[in-house]
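Thanks for coming. I will go through one small set of results on a protein model, starting with a single residue and working outwards.

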Amino acid sequence: MFFRKQKLRKEYDDKLVQLMRHTKEEWQRTQNIESLMVDYDLNIIAQRKIAESKHFYLFKEARIRKILIK
């Protein structure tokens, strides 16, 4: 039973790390789009803030779980 729990934890921790990498890339992409904007567009700014919030929420969860990202 203990080994199964440990295996599941590792599996979900790996999924969390992959999701964190994906959200970081999305956040950086929206930052680049926003920096290239000539006109003020609320939709782009909202997308950047949403991506930033998702990334930091996942970062906080990883810190709670004490996950080390290599």
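**Starting from one residue**

Thr30 has a relative accessible area of 4%, so this residue counts as buried. Please keep in mind that what you see is a predicted model. Thr30 belongs to helix α1. What does Thr30 touch, once its neighbours within four places in sequence are left aside? The contacts are Gln47, Arg48 and Ala51.

Next to that list, take Ala46, whose place is in helix α2. Ala46 and Thr30 are 16 residues apart in sequence, and their C-alpha atoms are 9.7 Å apart in space. Is Ala46 buried, partly exposed or exposed? The relative accessibility of Ala46 is 34%, so the answer is partly exposed, since that label covers values between 20% and 50%.

**The whole chain**

Now the overall picture. The protein has two helices and zero strands. For 70 residues the globule rule gives 11 Å, but the radius of gyration here is 16 Å, well over that value, so the protein is more spread out than a compact globule. The spans of the C-alpha trace along the principal axes say how: about 55 × 15 × 15 Å.

How much of the protein is buried? Buried residues account for 21% of the 70 residues. The protein exposes about 6,300 Å², and 57% of that area is supplied by carbon and sulfur atoms.

As for contacts, consider those between residues at least 6 apart in sequence: 71% of them join residues at least 24 apart. On charge, there are 17 positive and 10 negative side chains. The centres of those two sets lie 11 Å apart.

**The nonpolar core**

Which residues make up the largest nonpolar core? There are six in all: Leu16, Val17, Met20, Leu58, Ala62 and Ile67. Both α1 and α2 give two or more residues to this core, and α1 gives the most, with three.

Met20 is a useful member to follow. Beyond its neighbours within four places in sequence, Met20 is in contact with His55, Leu58, Phe59, Ala62 and Ile69. Leu58 and Ala62 also appear in the list of core residues.

Asp13 is another residue of helix α1. Asp13 has a relative accessible area of 15%, so it is buried, as the cut-off is under 20%. With neighbours within four places set aside, Asp13 is in contact with Arg65 and Ile67. Ile67 is one of the core residues.

**Two more residues**

Gln6 sits in helix α1, which runs over residues 2–36. With a relative accessible area of 45%, Gln6 is partly exposed. From Gln6 to Gln18 it is 12 residues in sequence and 18 Å in space, C-alpha to C-alpha.

Last comes Lys66, found in the segment after α2 (42–65). Why is Lys66 called exposed? The relative accessibility of Lys66 is 71%, and the label exposed applies over 50%. Its backbone is worth a look too. Most residues other than glycine have a negative phi. Phi of Lys66 is near 60°, a positive value in a residue other than glycine.

To recap: the model has two helices and zero strands, and its largest nonpolar core has six residues. Thr30, where we began, is buried at 4%. That is my part; questions are welcome.

Conventions. Residues numbered from 1 in each chain as written. Predicted model: local features only at pLDDT ≥ 70, side-chain atom pairs only at ≥ 80, totals over all residues. Heavy atoms only, no water. Helix = DSSP H or I, 4+ residues; strand = E, 2+ residues; numbered from the N terminus. Rg over C-alpha atoms; globule rule 2.2 N^0.38 Å. Buried < 20%, exposed > 50% of the residue type's maximum accessible area, 1.4 Å probe, protein only. Contact = heavy atoms within 4.5 Å. Areas by Shrake-Rupley, 256 points an atom, 1.4 Å probe, with all protein chains shown as cover. Lys, Arg positive; Asp, Glu negative; His and termini not counted. Charge placed at Lys NZ, Arg CZ, Asp CG, Glu CD. Core = buried A, V, L, I, M, F, W, Y, C linked by side-chain atoms within 4.5 Å.
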